[in-house]
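User: Got a new model open here. Can you walk me through what stands out?
Analyst: Sure, put it up and ask away.

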Amino acid sequence: MSTSKLHVLVGTFNVYQQTLNEEVRDWLLSPFKEHPRVLPDIVAIGFQEFSPYPEAFIQRDETRLRYAEQLIEKSLRELCGSQLEQKTSHLGYRKIFVEQVVGLALVIFVKDSLQDQVSDILSNYEGSGPLFIQNKGALGATFRITPKSTGELGGSFCFICAHFTAHEGYAARRNVDFKNLVERLVFPKNCNRVEPTEYCTLHEYEHIFLFGDLNYRANYNFKEVTRLSTSKSIISLIEENDIPSLRKYDELLFEKQEGRTVQGFTEGCHLDFPPTYKFAVGTQEYKWEARIPSWCDRILFFNLDEYNKLSNVSETNEKQEAVSPITTLYYSSYSPSVISDHKPVVGLYEIESRLTPADSVNLNWPSIDPNWRLKRNFGNVLTKVTGVLWYFLGTEKWIPVVLCLAIYKVYKYFEY
């Protein structure tokens, strides 16, 4: 069994439709204060509410995408500069994927040394808003890294940036969002075919990361306590920095333990940072009277061992091992950021190669929604229509249109 390793840096940030700034550098480089000798092989950064609405419903914001790429590249160059003090070889990164779908944006870089080993880059997205509109949903990218020699770690990778249903009391809806993601975010099995006929779910990839504003809120019994009293209790625990006591309010952990969502996914460690939402923009103050402070922003990875237990796979098979054991080296929010009502989150992970378990091919993976393409295409149309109507009727943009029509009518009247 090979002991080769890969390191992956994952970041997620709901930017609240605000413009990114140099905070990106400090956010993305924060793990390397504790791990100065680690240089990530893969960097995947996801954003939610990436650009202003309703324009984001109509088209990509190319200017913002380029600026985000530049900020990430600048951060990685600085990281490489610090590493060059210890190494003599050239270090650098290449972008292999960038995409925006409404408020979701995903950017992926790999080391220069891995660029020629990357192949089969694919992407897809799904909308889980009303009538499949893409104000909520997921954007995913997959690719393969082919080892150059025996002992090197490679395999298939899947990175998913997601934004689930908002607001307190909607845990069941968020669980449905995850189910929709699994059933509709599918990828071709044969990348060489112009018109693929076979597709697979995210579970058939070896290394899977799910991250974003999953929007899971505070878990409490609303029949026994009020929302305001719960919010006050959480604020008190935050002020005392009593993170272990805070965890009992984590809705995602509760729903996961009940087996209702993110089956097989884990964060790899306990939450050890304060709730990431909701802040008054420009400050470090929670808007606790409006929203209960919650861990909305998360990074998860798939663990086959955990999924095996859920799938009732026999635990007596001593040869059974996880496809890609992932160790969480660092996982935290970046608290100094104040440009959004969310705090960005970043994780640094180590992937160690292991044998693929023979039993994995016999697991009952979730089935693909047979209408996934129809729902996506229908959602595309409704998303654009919603954006256009919002643009002209929900903003002051309709005023010049009405004026132009009025002038045209007057002109036609006097013309005849």
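User: What is the strand order in the open sheet of 6 strands?
Analyst: The order is β5-β6-β7-β10-β12-β11, and the pairing is mixed. Keep in mind that this is a predicted model.

User: Which strands stand at the edges?
Analyst: β5 (118–127) and β11 (265–266). Each has a single partner strand, so one side of each is left without a neighbour in the sheet.

User: Now β10. Is it mostly covered or mostly open?
Analyst: Mostly covered. Strand β10 spans residues 207–213, and 7 of its 7 residues are buried.

User: In which sense does β7 pair with it?
Analyst: Parallel, over 7 bridges between β10 and strand β7 (residues 155–163). As one example of a bridge, Ala162 has Gly212 in β10 as its partner.

User: And how do β10 and β12 run?
Analyst: Antiparallel, joined by 5 bridges. There, Leu210 has Leu300 of β12 as its bridge partner.

User: Switching to aromatics. How many pairs does a search of the whole structure find?
Analyst: It finds 20 aromatic pairs. Take Phe301 and Tyr349: their ring centres are 5.7 Å apart and the planes are at 70°, so this pair is edge-to-face.

User: Where do those two lie?
Analyst: Phe301 is in strand β12 (residues 297–302) and Tyr349 is in strand β14 (residues 345–352). The pair therefore ties together parts that are 48 residues apart in sequence.

User: Are Phe301 and Tyr349 buried or exposed?
Analyst: Both are buried. Another edge-to-face pair is Tyr391 with Phe392, at 5.1 Å centre to centre and 90° between the planes.

User: How accessible are Tyr391 and Phe392?
Analyst: Tyr391 is partly exposed, with a relative accessible area of 23%. Phe392 also counts as partly exposed, at 30% relative accessibility.

User: Which residues form the aromatic cluster with Phe301?
Analyst: Phe143, Phe157, Phe159, Phe209 and Tyr349 join Phe301 in one cluster.

User: Which residues have the most contacts inside the largest nonpolar core?
Analyst: Ile42, Ile108, Phe143, Phe159, Phe209 and Phe211. That core has 50 residues. A second, separate core has 33 residues, including Leu29, Phe47, Leu79 and Ala105.

User: What about charges over rings, say at Tyr216?
Analyst: Arg174 lies over the face of Tyr216, 5.6 Å from the ring centre. Elsewhere, Arg376 places its charged end over the ring of Tyr125, 5.5 Å from the centre.

User: Back to the whole chain. How many helices and strands?
Analyst: It has 10 helices and 14 strands.

User: What share of the residues is buried?
Analyst: 51% of the 416 residues count as buried. The chain exposes about 20000 Å², with carbon and sulfur atoms supplying 52% of that area.

User: And how much of the contact set is between residues 24 or more positions apart?
Analyst: Such pairs make up 74% of the contacts with a separation of 6 or more.

User: Good. Give me a recap of β10 for my notes.
Analyst: All of it is buried, 7 of 7 residues. β10 pairs parallel with β7 and antiparallel with β12.

Conventions. Residues are numbered from 1 along each chain as its sequence is written. This is a predicted model: local features need pLDDT of at least 70, side-chain atom pairs count only at pLDDT 80 or more; totals for chains, interfaces and linings use all residues. Side-chain values use heavy atoms; hydrogens and water are left out. Helices (H or I, at least four residues) and strands (E, at least two) are DSSP runs, numbered from the N terminus. Buried means under 20% relative accessible area, exposed over 50%, partly exposed in between (1.4 Å probe, protein chains only). Contact means heavy atoms within 4.5 Å. Accessible areas come from the Shrake-Rupley method with a 1.4 Å probe; for residues, only the protein chains shown count as cover. Rings of Phe, Tyr and Trp (its six-membered ring) pair if their centres lie within 6.5 Å; planes under 30 degrees apart count as stacked, over 60 as edge-to-face and the rest as tilted. A charge sits over a ring if NZ of Lys or CZ of Arg is within 6 Å of the ring centre and within 35 degrees of the ring normal. A nonpolar core is a set of buried Ala, Val, Leu, Ile, Met, Phe, Trp, Tyr and Cys residues joined through side-chain atoms within 4.5 Å. Two strands pair if DSSP finds at least two bridges between them.
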